[in-house]
Amino acid sequence: MSAVISSGRAAEGAGSQDGGAGRRAKGAGRHLHGGKVTYAVLILFTIGSLFPLVWTAIAASRTNTRLAETPPPFWFGGNLFKNLDTAWNDANMGSALLNTTVVAGTIAVGTVLFSTIAGFAFAKLRFRFKNLLLMLTIGTMMVPPQLSVVPLYMTIAKLEWTDQLQAVILPTLVSAFGVFFMRQYLSQALPTELIEAARVDGASSLRIIWHVVFPAARPAMAVLGMLTFVQAWNDFFWPIIALTQNGNPTVQVALTGLGRGYIPDQSVIMAGALLGTLPLLIAFVLFGKQIVGGIMQGAVKG
């Protein structure tokens, strides 16, 4: 009798466990919905984020006289394509966009590649003075970039790289932030046992990096590449020193030519800024899903 009761209780417990698992599975398939306050906050943040871009487009479609009036315009005018054409020709925007794409793309690829390799070394390899070298690398982030302008310009002048794209690319081909970022990610996302198993199988260091490290670091590499590309695209301080508007300008250097004159034409300047921003928007529209997917994959793995 006791055996029957025990078996009945066990069956009841198993049934309750199955029911609980079914409820959890059913709940996992549901979508979470925010309340009205959540949607209101999200809408406000979206409007605030899009306002600078919308205002730039509105200002680019107006005349300089209309922008100086009070109140300013809050809707589009009819001079957008005229101002875009003026900015394109006056700022040599075609060459500037091509140069900026080359510069930002090369810097992003180089930073991701070298930072991943260096981050893997600091995270998983054993060598002398590893912690000291890591602290020195992180310490370079505390040095203001303005302090290195004079010796850096003297170096590129001696190499005769003035007004050439390599003068902008090579000094920023690797970053201390990228090394630290990849080191922190690989310390958690890359199991040491996986590296040891690859070495037992006879894999060389380069093969381990290519077949083990890069696949594991792909989400972080996508995030670092996006951040580096945007930063290199918007960089102004060093390019304005190393490049000229009439030589090999980047977008930010080319836009400085639109603000000259006794009375700068603000509508043309806004049109040039819009031209310089559109490639970033297009890139995010095309690759935004992959970038967000890489971020979420890294968050799930962490």
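The following paragraphs describe the overall make-up of a predicted model, then one helix pair, two backbone positions and a surface patch.

The protein chain has 302 residues, of which 31% are buried. Its secondary structure consists of 15 helices and zero strands. Among contacts in the protein chain with a separation of 6 or more, 71% join residues that are 24 or more positions apart. The area exposed by the protein chain is about 19200 Å², and 67% of this area comes from carbon and sulfur atoms.

Two packed helices are described by the angle between their axes and the distance between the axes. For helix 5, which spans residues 93-124, and helix 11, which spans residues 205-216, the axes come within 11 Å. The crossing angle of these two axes is roughly 95°. Angles of 65 to 115 degrees count as roughly perpendicular, and helix 5 is therefore described as roughly perpendicular to helix 11. On the side of helix 5, the residues that meet helix 11 are Leu113, Thr116, Ile117 and Phe120. Their counterparts in helix 11 are Ile208, Ile209, Val213 and Phe214.

Most residues other than glycine have a negative phi. Asn92 has a positive value, with phi near 55°. This residue lies in the loop that links helix 4, residues 80-90, to helix 5. The relative accessibility of Asn92 is 36%, so Asn92 counts as partly exposed. A positive phi is also found at Glu160, which is not a glycine and has a value of about 60°. Glu160 is located in the loop between helix 7 (149-158) and helix 8 (166-169). With a relative accessibility of 63%, Glu160 counts as exposed; the cut-off for this class is over 50%.

On the surface, Phe127, Phe129, Leu132, Leu133 and Leu136 together make a nonpolar patch of about 490 Å². One of these residues, Leu133, belongs to helix 6, which covers residues 130-139. Leu133 has a relative accessible area of 39% and is partly exposed. Membership of a patch requires a relative accessible area of over 30%, a condition that Leu133 meets because its value is 39%.

Note on methods. Residues numbered from 1 in each chain as written. Predicted model: local features only at pLDDT ≥ 70, side-chain atom pairs only at ≥ 80, totals over all residues. Heavy atoms only, no water. Patch = residues over 30% accessible without salt bridge, like charges linked within 9 Å, V, L, I, M, F, W, Y side chains within 5 Å. Areas by Shrake-Rupley, 256 points an atom, 1.4 Å probe, with all protein chains shown as cover. Salt bridge = Lys/Arg side-chain N within 4 Å of Asp/Glu carboxyl O. Helix = DSSP H or I, 4+ residues; strand = E, 2+ residues; numbered from the N terminus. Buried < 20%, exposed > 50% of the residue type's maximum accessible area, 1.4 Å probe, protein only. Axes fitted to C-alpha atoms, helices over the stretch in contact; angles between N-to-C directions. Parallel < 35°, antiparallel > 145°, perpendicular 65-115°, else oblique. Contact = heavy atoms within 4.5 Å.
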